[in-house]
Amino acid sequence: MTPPTHWDFPVELCCRPMAFVTLTGLDVVYNAVHRAVWDAFCANRRADRVPISFKVLPGDHEYPKCRTKRTSYEWYIPKGILKTGWMNKHLNLVPALVVVFYELDWDEPQWKEKQLECATRVEIVRQSLQGRNTKVAVVLIQKKTPLPPGEDVIASERAAALCNACDLSGKSLFVLPHTDHLVGYIIRLENAFYEHAQTYYYTEIRRVKSHKEFLNKTTHQLLFVRHQFKIAFFSELKQDTQNALKNYRTAYNLVHELRAHETNILEIKTMAGFINYKICRLCFQHNTPLDAIAQFRKHIDLCKKKIGSAELAFEHAAWMSKQFQAFGDLFDEAIKLGLTAIQTQNPGFYYQQAAYYAQERKQLASMLCNHDSSVTYPSPDPLETPTGVLDFYGQRPWRQGILSFDLSDPEKEKMGILSLQLKEKNVLHSELIITLLSNAVAQFKKYKCPRMKSHLMVQMGEEYYYAKDYAKALKLLDYVMCEYRSEGWWTLLTSILTTALKCSYLMAQLKDYITYSLELLGRASTLKEDQKSRIEKNLIKVLMNESPDPEPDCDTAAVKASQKLWADRVSLAGSNIFTIEVQDFIPFVQCKAKFLAPSFHVDVPVQFDVYLRADCPHPIRFSKLCISFNNQDYNQYCVVEEAYQKSDILEQSSQGTMCLVPGKTRKFSFKFVAKTEDVGKKIEITSVDLILGSESGRLIARKVPNISVQLRHEPPALTNEMYCLIVTVESHEETVAKDVKLTAGLKPGQDANLTQKTQVTLHGTDACDDSFPALLPDIPVGDLQPGEKLEKPIYIRCGTVGARMFLFYISYLINTVVEGKEILCRCHRDETVTIDTVFPFDVAVKFVSTKLEHLDRVFADIPFLLMTDILSASPWPITIVTSQLQLSASMTPVDQLESYVGNVVLQTGESASECFCLRCPPVTNASGVATGCYVISWKRSSPVESVPVVNTIITLPHVIVESIPLHVNADLPSFGRVRESLPVRYHLQNKTNLVQDVEVSVEPSDAFMFSGLKQIRLRILPGMQQEMLYNFYPLMAGYQQLPSLHVNLMRFPNFTNQLLRRFIPTNIFVKVRL
């Protein structure tokens, strides 16, 4: 997949902005009530519910820190317009409202303690939001349905006391009864949350507006755009789309007031594109499509000349293509929501224009990125940034935040441009163009614009031709030809036929090649005489059982491959007799049949004439003319046949019955006697058949090769292995076979993707990469003596699974004597084989705790296990040579990483597993942390030592890392004995920067007596640990449950005992006392 570029729109720009609300205090994994509440919030949301984005976070979640408020902008110079993380921050990271959920009924016996705990939770949330205007609300989850307001005096008093303790207004305290009407209560809660969120965004808009008075037009032009965009975005979050549209329009005008230069033109265009997208989206949303179209036209007019650096002109074409594509997507989306489009104004025109600019990008890239193969990618990479992303949209990675119009480091600029050009060189432009054209064709088909559809299908066919997918190209072009032929667009038809002829040549499709040649020689073709002459000679070559000359302007490598295919086809051409129906196209021979009278008496012969006229450049001889009737008994009387040498087929002489001279009409007269049973019936001519070429001429083939070719291999092939296939050639000729050559590899004409993922080499000791070819042509083998046998190993690497057809083509020269005359013959034999490629093994990866329990997330600085299972899917034994775990920078091993599966041989269905103990330090990225890669070195089990080892790289899944305030682990023996002391030591380690107040209690078990502190409250300093020693006394044998350790943290009420049980054992095996 192509990585995102600076002309792609970020996801956060294209989505609908919704108020962001976080919910804390909900344990959606282990608490069924909390899970039901969360499902009511997020599952099956109907369109009539308020637009809010909810997220469950822990109560101590750290939100992005708020920067110090600026009191003056006097000396401040901005480094860019809009930071790349700003939109995502306000959509997904900084909430408008944090809701604290807490289970508390009004009649709770321990009200004071619970009230204090709730107030502590609210205070923790406020501390994590320090400096932000985010609202805080509390929702009490209650088991009973509350009484109507005013009837429950205790509830009113306690609500007021709770608000006072939490420093909340009465409007920020809510009650959620967990009853049958939960969804109804949730919807009412949502509406209240929505009002709080709107208040927050209104405050943010006021805050941004207050900055304007400090700005000046001289040094703060960028800030005017930035602040206007932020006001508009906050208005969208507030769902005030009218004001959002107004502010986006102002921001758009301010962008174009910025002074443009080659160094900042990309940033200006990027921001203009973003804001234009927002304006058009809102116009469609307001059902004013004409405003959207007018805005887009204005945007294109203002930006189409802002090309920027001439060396990177392809970037401007790519940017323009993206603008049209994005507008087409918006237009199409609006139509799906009910907007009505018309023939002259539909999304197809915008997709078409996007395809046009994509084609322009392709042409510019071919000119600007045509570097010599010796030019290497710069190191260090100029496109790399310390954080992996740009600070500001639209800036160059090698000069971020530099606003000067003068380039301070021309060499760095040169390297940056080179790296962009080399990356562009690898872009699959044809795929982009085909996708856009396909979208446009679908739209024009929908709005009944057949000519536009046909025009774009021709372009699609040509792009498939450039992408070397000739089968798809031919399919599309063939479909379009009928329409152009019926409407008489001869110039267009000729152009399409020329491309179709090239495709049929490159695939060696004999019948198609003859059909297109016949039509290109006809009177409808607008080709010049010399071009027609070349096609006619090629057509005759095919009929004379020879390979045609290559079509002009074809890819050199494709021509070379097709010549092998033609040689293969021609050798079998003796049985190739094609019937080509010409009533659907205009061939190079005109034909007219005419009866001499409208009716005939049965005693008078039926007479008729057939007129033929050739439109080709040269005189041409046909071998046979046959007339077919509705009564086939008359066919035998109406045949004209002329024998001639095959070399005379293009003879310039006009001698001969069946020789047609260009521009002259030749008449053939026929007569036969009608049968009496046909009296009163119509006799109809059903067809006039002209035979070009002769059976005698067509059956002259090459000398029969007298060599045998055998292929020895062990299918199926395994993905990425160096698959060995041994070609055995044995000569049975009577004389020496000279200049023997072998062509081996993927048979041409298959899917283009297979060509890219298949490599062939003669050297199996070294693994080959993507630079190796899929077909090795003309490998010199030397001479073969009579009876001599030769073996040639061929190594094939298949990068994807599936079936592939391989061609092995042997050609050689042999001297032979015919009627006393010695002639040199070129002979060949070919063999094809289909080889399936399968995966050698499947790899399953899972994260488990040290108790071997599945983990969906891990905890910072707490050891966990990474378990890998390699399951053999190969029908052959495979040897795992070694394995290696390559960890990312965010992961560290607890002990030394060693391979435990080295030199293990796996049969089909067997598996090999290994386990690694890892630790992840605290991270700020809540969305997931990269684990690294698992590299498996393997080979097919074989007595041959030189079989190359294959390295398969498995990208390990990302894992969510959460911080944990307290880690508890236990030291205890592996088993106990009945009535013998069992010492257990618990280690409690504070993982935070705060002093922890910890309540520890031990719940007795029926299977044990114990000594030690049953309940204690202690304080643990930051980073320190506390030990607690207990003596357990087993009373019963068997697998027994240990006394349960319970830990309660005052600062972190979400730290549950379910979480604690992930770290410490809950059971132990007790043996009988001997």
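**Exercise 1. Cis peptide bonds**

In which loop is the place of P380? Locate P380 in this predicted model, and then treat P716 in a similar manner.

*Solution.*
Step 1. P380 belongs to the loop that runs between α12 (347-368) and α13 (410-425).
Step 2. The bond to examine is the one from S379 to P380, which is a cis peptide bond with omega near 0°.
Step 3. P716 is placed in the loop between β14 (707-712) and β15 (717-718). The peptide bond leading from P715 to P716 is cis, and its omega is near 0°.

**Exercise 2. Positive phi in residues other than glycine**

Determine where D167 lies and where K468 is placed, and state whether each is buried, partly exposed or exposed.

*Solution.*
Step 1. For D167, phi is near 55°, a positive value in a residue other than glycine. D167 sits in the loop between α5 (153-166) and β5 (173-177).
Step 2. The relative accessible area of D167 is 61%. Exposed means over 50%, so D167 counts as exposed.
Step 3. K468, likewise not a glycine, has a positive phi of about 65°. The loop that holds K468 connects α15 (450-466) and α16 (470-487).
Step 4. The relative accessibility of K468 is 41%. This value falls between the 20% and 50% limits, and therefore K468 is classed as partly exposed.

**Exercise 3. Cysteines and disulfides**

Establish how many disulfides the structure contains, and examine C14 and C303 individually.

*Solution.*
Step 1. The search of the whole structure yields 0 disulfides.
Step 2. For C14, the nearest cysteine sulfur is that of C15, at 7.8 Å. The cut-off for a disulfide is within 2.5 Å, so C14 is in no disulfide.
Step 3. C14 has a relative accessibility of 25% and is thus partly exposed.
Step 4. For C303, the nearest cysteine sulfur, that of C280, is 12 Å away, and C303 is in no disulfide. With a relative accessibility of 1%, C303 is buried.

**Exercise 4. A sheet and its edges**

Give the strand order of the open sheet that contains β9, and explain why β10 and β13 stand at its edges.

*Solution.*
Step 1. The open sheet is formed by 3 strands in the order β10-β9-β13, with antiparallel pairing.
Step 2. β10 (639-641) and β13 (685-691) each have a single partner strand, so one side of each has no neighbour in the sheet. This places both strands at the edges.
Step 3. On average, neighbouring strands of this sheet are turned by 15° against each other, direction ignored.
Step 4. Strand β9 (residues 624-629) pairs with β10 in the antiparallel sense over 3 bridges. At C626, the bridge partner in β10 is V639.

**Exercise 5. Two buried residues with polar contacts**

Describe the setting of R361 and of Y934, and identify the side-chain partner of each in a polar contact.

*Solution.*
Step 1. R361 is part of helix α12. Its relative accessible area is 8%, so R361 is buried.
Step 2. The side chains of R361 and E424 are joined by a polar contact of 2.6 Å.
Step 3. Y934 is part of strand β30 (residues 932-940). Y934 is buried, because its relative accessibility is 0%.
Step 4. Leaving aside residues up to four places away in sequence, Y934 touches several residues, among them V843, I870, L885, F916 and I954. E914 is also touched by Y934, and the side chains of Y934 and E914 make a polar contact of 2.3 Å.

Technical notes:
Residues numbered from 1 in each chain as written. Predicted model: local features only at pLDDT ≥ 70, side-chain atom pairs only at ≥ 80, totals over all residues. Heavy atoms only, no water. Buried < 20%, exposed > 50% of the residue type's maximum accessible area, 1.4 Å probe, protein only. Helix = DSSP H or I, 4+ residues; strand = E, 2+ residues; numbered from the N terminus. Pairing = 2+ DSSP bridges. Axes fitted to C-alpha atoms, helices over the stretch in contact; angles between N-to-C directions. Polar contact = N/O pair within 3.5 Å; in protein donor to acceptor, adjacent residues only side chain to side chain. Contact = heavy atoms within 4.5 Å.
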